[in-house]
Each structure stands twice: as structure tokens, then as C-alpha cells.
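Thank you all for coming; I would like to walk you through one structure this morning, going slowly, since it is new to most of you. Please have a look at the picture first, and then we can go through it together.

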Amino acid sequence: MEQSVEDYKLIFEKEGVYLHTNAKRSNQDTTIPGFIRIVERVGVPALEWSPLEDDGRNAPAVLYSKKDGEGGEEDTNFDPGYEPDWAVISTVKKDREHVPVKESGQWAFSLPLSELYSLRRARFSLGRNFLVLTSRGGHPLPPLHFHRGGTRELLRALQRYIILDQSPVDGRLFLAYPLDSGALSQSFDKLHLLDDGGADLVSRFIHDPYATTFGGFSKVTNFFRAALRPPDSPAHSRSAQDPSLPSQPDDEPGFELITCGVELGPRPDVTRGQPLDKWEEFVDSEGRVKNPEKVKELVFRGGITPSLRKEVWKFLLGFYPWNSTTKEREDILRVKTDEYFRMKVQWKSVSEEQEMRNSLLRGYRSLIERDVSRTDRHNTFFSGNDNPGLTLLHDVLMTYCMYNFDLGYVQGMSDLLSPILFVTQNEVESFWCLTGFMELVHQNFEESQEAMKQQLLQLSILLKALDPELCDFLDSQDSGSLCFCFRWLLIWFKREFSFEDILILWEVLWTRLPCDNFHLLIACAILEDQRGELIGSDHDFNTILKHINELTMKLDLLSILRGAEAIYLQLVRCKIASDHKRINDLPLKVQQVLGLYVPSSSDEDSPNSQSSETQRLLSQSQAGAAASDAACAPSSP
């Protein structure tokens, strides 16, 4: 039955609003021109979009678009880039509820304003200004690109019916409330990267991160969309002005180019040094390391020569204290050997009958046996059947379950152990080096996944400061959550670089120089290295994941390390310049991520613990252009 004129009232209409479908099938358009309207139907205001070819006043009342085929089935043409054994998840289906719509209006939608949860607006320099709407059910609609302007008028028209309140967590996100809503009194401090529902989904990573993270990004697309982009958890920090502010003269009215609000200045050139190759120079007559900080600087600058790794890694990973003597280390090894085998006996002595009544231990053993059989089998140390290296890998991981039974074994930990075992080729030493490594990353594997959420948020903060245009593009493709970086951060890029490169990268990161979050700067350097491919190609959410997955073994580690250090120096110089010249400061959140500012009740307690190292790096960067030797021989304190 058609609506009467009295039941329908057109409030606002704008032509030239393109819906970006991200469709990749040849018989579908990726951009569809259409109309955006605010209408009242039987007195109920709604926001509607309909394609130009369906120019009518009766858009189908669906809350989100039909994008991925009937029944939410997965795209069988998506290639995750891994062998089938790793892509074992088949139960994660599309979480969007598909509603049948008429053929001509497949992408049309009608969203009652009472169901509008938020809108995100952004602009990037490709000339596309866009809005992303999210319903209260947590479903983001396809981005709407305003090729002919009109966003300010739309926002003003919306404010007749709802309140648009800028989120203090995300400057480009506006939360929608009814005009009479008391919800504005609620604190925004409760906003998180993931909501409680997302946390339940994230817990699935604990049981099979290989399947979800490593083996089939195509099959967890909607998991990430639901978990990382829910309506009450803006994923990224942005800065924007209120819609009511005056427009910028060279932009479409209502849109301003979002930046981090500070000029970062030029990025310095960085030179890598030679690996540490003279260990005896740093050891005194009793075996103490005379200058641990200089050793760390040399390792950070150039890594360690392979013949010294077995010795130096035990210091970097805390097995031996830097100030221990040779005799003390012999005593430590004897004590730690006894402790290790006491723990090993615990699980070795469990009978089959006992294990049948211990489902947790049985589950750990099953996961370990499965993962050991597929961890770094291309490496000769782990290749072939009945390889003793595989036995050591299994036994160390089982013993770690006894050492930390609360955490136990989580898939991905075998990836952390294999390079350590390869270098030490010693069961006891590899175990205690693993415990040192896990002290740095154990939170990545905890069921709450709070550490992973925090790192993704910190990464988005850094990327926003460095490259707001890239952030805008990723937002426009529903990839602003940076979920494709999850695997990078989970196991510290283990599957992105060659085995030999990982040995260098990890020893650099273990120095904790120039800051604890240097691994996030590595991620930024990779993203900036790929920005031309990402922005310059017709990528959507799935193909961005696929492209990132296919970077495996294709990245130049030395270039990435130079880029990451250059990013750090660029940001630090901006901070130092602002301190001395009183110019716009580096955003506080960026300083916190880099460890440049620690909130404190006393100014005396707040200086950064890495300030002296920062000054050294700055001095080295300036001197490095003049002499390459300075790059591998840090200046004296």
C-alpha cells in the first residue's frame, strides 16, 4: 500500500552523494550515485539514501546494505596467502543480517534517526569527503561520499531531530542522542576500543589464533568488524571541529582537513650500523659486562653477529643479570637447570589415566603437539620427521605450562620459542630466555586481550599524527580499526620477515630502545611504506587484509628499521622544539605512547626514563650524515 501525502514529508534532499559498496564482482559498481534525504514517514524522521536510478520517495526500510551475497557466505575467491592447513576456521560467518530488497534498490537504506548511533566524518586529499553512519545495532553502513558538497546542510538538518555530540575520544566521531535524551550525562570515560560483546568474541583468539589471525583473515573479517568497530567504542583518536563552526575557504563547507595539529618537521635520514662483534671488549676480568647501555645501543644500531647471539641474548632476555660475574652465572645456570627439570618432571610424570581427568593439561598438550608439527618446518633445525629439535620445542612449551599454568599454552607461543631454541640450541637456556621474552609480551596472549586493544589504539594514535590522510583512507574502507595489524603485534612480526631477519629484529626490540613501544613504530614504518599501494589501488576491507597478508617475506627489514627510527626522531624533535620554542606541542597521547611524558603528581617524577637515550639518538642522527662510523659507535654518555 502506498503512503499518502500526509504520511510522507521531505525535509532535506541532496543529490550527488555516492555510496561506495566495496563490491569486487565485475557486474557490480563500486560507487553508486544517489540522493541522501531526511524524511518524515508517519511523523517518524529517517535518514534515507537511494540510487539515482531509483529516484523515488519510497526507499526500502532496511538498516544496512546487502554486500556479501545471500546467507552471509564467505567470498570463496579470497586467498589468505597461507597453506590450507592454517585456514581452518569455517564457523565465523557474516554477522550482518541480510534483508531481501528489491533489485533496483539493492543498496538503498532507510534508517530511523532514533536508530542512528553515530556518524563519522572525514576528508582526505583525493577529493572525497565522506560520512560513515552506524546504527545502534552496531552495523556501519557503507561510506557516503559527498562529491558535490552538502555535508554541513545535512548536519544542520539532522540537528532538528537529534543532538550530535562530539566524542572526546575521537574528534571525528559524533554520537547521536534524542533531543530529550539524558544520555549526555553519561561519562565518555567508558568508551573503549572494544565493547563487552567484542571482548567475548575476542576470547576466541585464545583457543585458535592461528585459525583466526594467521590462517584466514578472510574468515574473520566480520569478527573484526563486530569486535573492533562497535557503536559504543570509537576505534581511533581524531581531531575535528564542531559542525557549527565556520567552513574552511578551500574545502567543502563543513569539512576540514584533519591533522594532528602540529607540524612535525622534516624526517631525518638514519644510518644503520654494523652488528656487535667484539663481546670481550665489554667484559671485565670477573666476567661482568662493563657498559650494558652501550652494548644495547650497539645492538639497537646494528644487531648482533651470529656467533655472539647465544651469549648476548641471555643478557637481553634477563636470564643473566648484566652485572653478574662468570662464577655467578655458573651458579645461576645450575639453579635454573634444577628448577627447569623439576617442572618438566611434573608433566612427564602425569599418567595417561591422570591426564584423562585433567582436561586443561590435555588441551595444552594437544595444542602444543599440533603447533610443533607446523612451526618453522622450513628451517633445518625443525625439518623432517622425528627431529630432535621438534622434541625440544614440545618439551619446553609443555614445561612453560607448569611454570605459568594460569596462562598455559596459547597458540603463537611456539613462534616465539623457535628462534630462541634455534640460537641457544639448549633446552634449559631456551626455556628461561622464553620466560624473559614472555615477560614482555605475555599480555598479548591473555584472554581479556586488553593489551592488544591498547596497542591497536596506540598504533592508531601514532598513525594519525604521522599520516592523517592514510588514516582517512583506511576509515573510508572500514579498515580504520587497523585489525590487519593484529598478527604483527601479537607475535612481533614473526611471520612478516624471514627467519634470519626476525633474529635481527627481535634483538633490536629486546634492547627496549629508543622506547618500549618501538614495535609500534615498526608497524607505522610498514604502513607508510605501503601507503602508495593502499591509497593508490582500488582496495576494500577484504583486499586490504589480503594485501597486508601477502607482504610476508617481501619486506626489507633494514629499510623498515631505518624508517621506524626516523619516525621516532622526527616526533622527538617535534617535542623538543615545542619545549624550547613554545610552539604547538606534540599531542599528549603521542608523547605517552613514546614514553616522552609520564603523568605524575610531581614534575620531578615525570621526566622520561629514555631522555638520555633520546638525546644520544638525536646526536647520532646528526652525526650519521657526516660519518657512517658514528652510526655504529654511539657517542659517549
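Among the elements of the chain, helix α17 has the highest mean pLDDT, at 98, while helix α2, covering residues 196-202, has the lowest, at 40. This is a predicted model, and over the chain as a whole the pLDDT averages 75, with 67% of the residues scoring at least 70. Two stretches deserve a word of caution: residues 214-261 stay under 50, although the model gives them 184 contacts beyond four places in sequence, and residues 624-637 are also below 50, with 21 contacts in the model beyond near neighbours in sequence. Where pLDDT is low, the predicted coordinates should not be read in detail, and I will try to keep to that.

Let me turn to the interior. The largest nonpolar core has 124 residues, and those with the most contacts inside it are Phe445, Leu505, Phe518 and Ile522. Its largest share, eleven residues, is supplied by helix α21, which spans residues 557-581. Where does this core lie with respect to domain 2 and domain 3? It lies between them, because both domain 2 (195-218 + 260-301 + 448-575 + 584-597) and domain 3 (305-443) give residues to it. If you would like one residue to look at here, take Ile522, which, leaving aside its neighbours within four places in sequence, is in contact with Phe493, Leu505, Leu509, Ile560, Leu561 and Ala564. Apart from this core lies another, of 29 residues, including Phe12, Ile38, Leu154 and Ala176.

Now to the charged side chains. Side chains of opposite charge can pair when their charged atoms come close, and this structure holds 28 salt bridges, of which I will show you three.

In one of them, the side chains of Glu528 and Arg267 meet with N to O at 2.5 Å. This pair links distant parts of the chain, 261 residues apart, with Glu528 in helix α18 (residues 518-529) and Arg267 in the loop between α5 (221-228) and α6 (292-302). Is each partner buried or partly exposed? Glu528 is buried, because its relative accessible area of 18% is under 20%, whereas Arg267, with 32%, is partly exposed.

Another salt bridge joins Arg495 and Asp415, at 2.9 Å from N to O. Here too distant parts of the chain are linked, 80 residues apart: Arg495 is in the loop between α16 (486-490) and α17 (499-510), and Asp415 is in helix α12 (residues 413-424). Both Arg495 and Asp415 are buried, and salt bridges that share partners join these two with Asp376 and Lys494 into one network.

The remaining example sits within one helix. Asp331 forms a salt bridge with Arg334, their closest N and O atoms being 2.8 Å apart, and both residues lie in helix α8 (residues 326-348), three residues apart, about one turn of the helix. Asp331 is partly exposed, with a relative accessible area of 24%, and Arg334, at 48%, also counts as partly exposed.

I would like to end with a polar contact. Ser110, in strand β4 (residues 109-112), is buried, with a relative accessible area of 8%, and a polar contact of 3.0 Å joins its side chain to that of Glu48.

Conventions. Residues are numbered from 1 along each chain as its sequence is written. Side-chain values use heavy atoms; hydrogens and water are left out. A salt bridge is a side-chain nitrogen of Lys or Arg within 4 Å of a carboxyl oxygen of Asp or Glu. Helices (H or I, at least four residues) and strands (E, at least two) are DSSP runs, numbered from the N terminus. Buried means under 20% relative accessible area, exposed over 50%, partly exposed in between (1.4 Å probe, protein chains only). pLDDT is the predictor's confidence in each residue, from 0 to 100. Contact means heavy atoms within 4.5 Å. A polar contact is a pair of N or O atoms within 3.5 Å; within protein, one must be able to donate a hydrogen and the other to accept it, and residues adjacent in sequence count only if both atoms are side-chain atoms. A nonpolar core is a set of buried Ala, Val, Leu, Ile, Met, Phe, Trp, Tyr and Cys residues joined through side-chain atoms within 4.5 Å. Domain bounds come from an automatic or database domain assignment.
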